[in-house]
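Trainee: Please take a close look at one part of this model, the packing around a single element. Set it in its wider context and keep it brisk.

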Amino acid sequence: MTLQTETTTPHRTETTTLDGRPGTDRGAASYTGLLERVRYEGAYPTRERAEHAVRSVLTALGRQLVGDERVELAARLPFEAALTLTAQIPATTPLTGWEFVKDLARRTGNSPATTRWDVGAVLAPIAQLAGPDLTERIIGQLPSGYALLFGKAELRAPTARR
């Protein structure tokens, strides 16, 4: 029997066994660790506020992502976050980054500025969990404007959704 402990810092969650070896947790950070990272990134006063941001942004992102990138991202997320992402039916008409923020603001009742803050606070840690290659593929799949939402420079000409 192997007992595992989890250490959460504002930047990451590490799982280790009691004998000091790295633990296994489906290859993704814990949901608590993700919430703490989002709380830190967004300077939210409570974990509940961070969780609200995570749920709303992943719900909206789940309506935009399709194909292998959607499946691979879900596999790298904590279970609870993956469920939120994959419970959404992808939209038939993709939204640009700005349209994404405006649509989410309308759905949540927040201002576009507050929503843009929430999106950045959630997608930056999501990009770290996804890794640079998958993040670039996700950005490449989506219409223009998403690179900045993921905390990246947009250095490509906009392309149509595959």
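**Packing around H2**

Mentor: The chain has eight helices and two strands (DSSP runs, H or I of at least four residues for helices and E of at least two for strands, numbered from the N terminus). This is a predicted model, in which local features need pLDDT of at least 70, side-chain atom pairs count only at pLDDT 80 or more, and totals for chains, interfaces and linings use all residues. Residues are numbered from 1 along each chain as its sequence is written, and side-chain values use heavy atoms, with hydrogens and water left out.

Along the sequence the order is β-β-α-α-α-α-α-α-α-α. The chain counts 162 residues, 41% of them buried (under 20% relative accessible area; exposed is over 50%, partly exposed in between, with a 1.4 Å probe and protein chains only). About 8500 Å² is exposed, and carbon and sulfur atoms supply 57% of that area (Shrake-Rupley method, 1.4 Å probe; for residues, only the protein chains shown count as cover). Of the contacts with a separation of 6 or more, 58% join residues 24 or more positions apart (contact means heavy atoms within 4.5 Å).

Now to H2 itself. Helix H2 spans residues 47-62, and it packs on helix H5, residues 97-108. The angle is about 125 degrees and the axes lie 11 Å apart (axes are lines fitted to C-alpha atoms, for helices over the stretch in contact; angles run from 0 to 180 degrees between N-to-C directions). H2 and H5 are therefore oblique to each other (under 35 degrees is roughly parallel, over 145 roughly antiparallel, 65 to 115 roughly perpendicular, and the rest oblique). The crossing of H2 past H5 is right-handed (the near helix is turned clockwise from the far one by less than a right angle; anticlockwise would be left-handed). H2 contributes Ser-56, Val-57, Ala-60 and Leu-61 to the contact, while H5 contributes Phe-100, Leu-104 and Thr-108. By class, that contact of H2 with H5 has five nonpolar, two polar and no charged residues (Ala, Val, Leu, Ile, Met, Phe, Trp, Tyr, Cys and Pro are nonpolar; Asp, Glu, Lys and Arg are charged; the others, Gly among them, are polar).

Arg-107 also sits in H5. Its relative accessibility is 48%, so Arg-107 counts as partly exposed. From Ser-56 to Arg-107 the C-alpha distance is 8.9 Å, with their positions 51 residues apart in sequence.

H2 has another partner, helix H4, residues 79-86. Here the angle is about 45 degrees and the axes are 7 Å apart. That makes H2 oblique to H4. From H2, Arg-55, Leu-58, Thr-59, Leu-61 and Gly-62 meet Ala-81, Thr-84 and Leu-85 of H4. The contact of H2 with H4 has four nonpolar, three polar and one charged residues by class.

Next comes Asp-118, in helix H6, residues 112-130. Asp-118 is buried, at 4% relative accessible area. Setting aside neighbours within four places in sequence, its contacts are Tyr-44, Arg-49, Ala-53, Val-57 and Asn-110.

Two pairs lie elsewhere. Tyr-40 belongs to helix H1, residues 31-42, and is partly exposed at 46% relative accessible area. Its C-alpha is 8.3 Å from that of Ala-121, 81 residues away in sequence. Pro-143 lies in the loop between helix H7 (132-141) and helix H8 (146-149). With 13% relative accessibility, Pro-143 counts as buried. Pro-94 is 49 residues from Pro-143 along the chain, yet their C-alpha atoms are separated by 7.0 Å.
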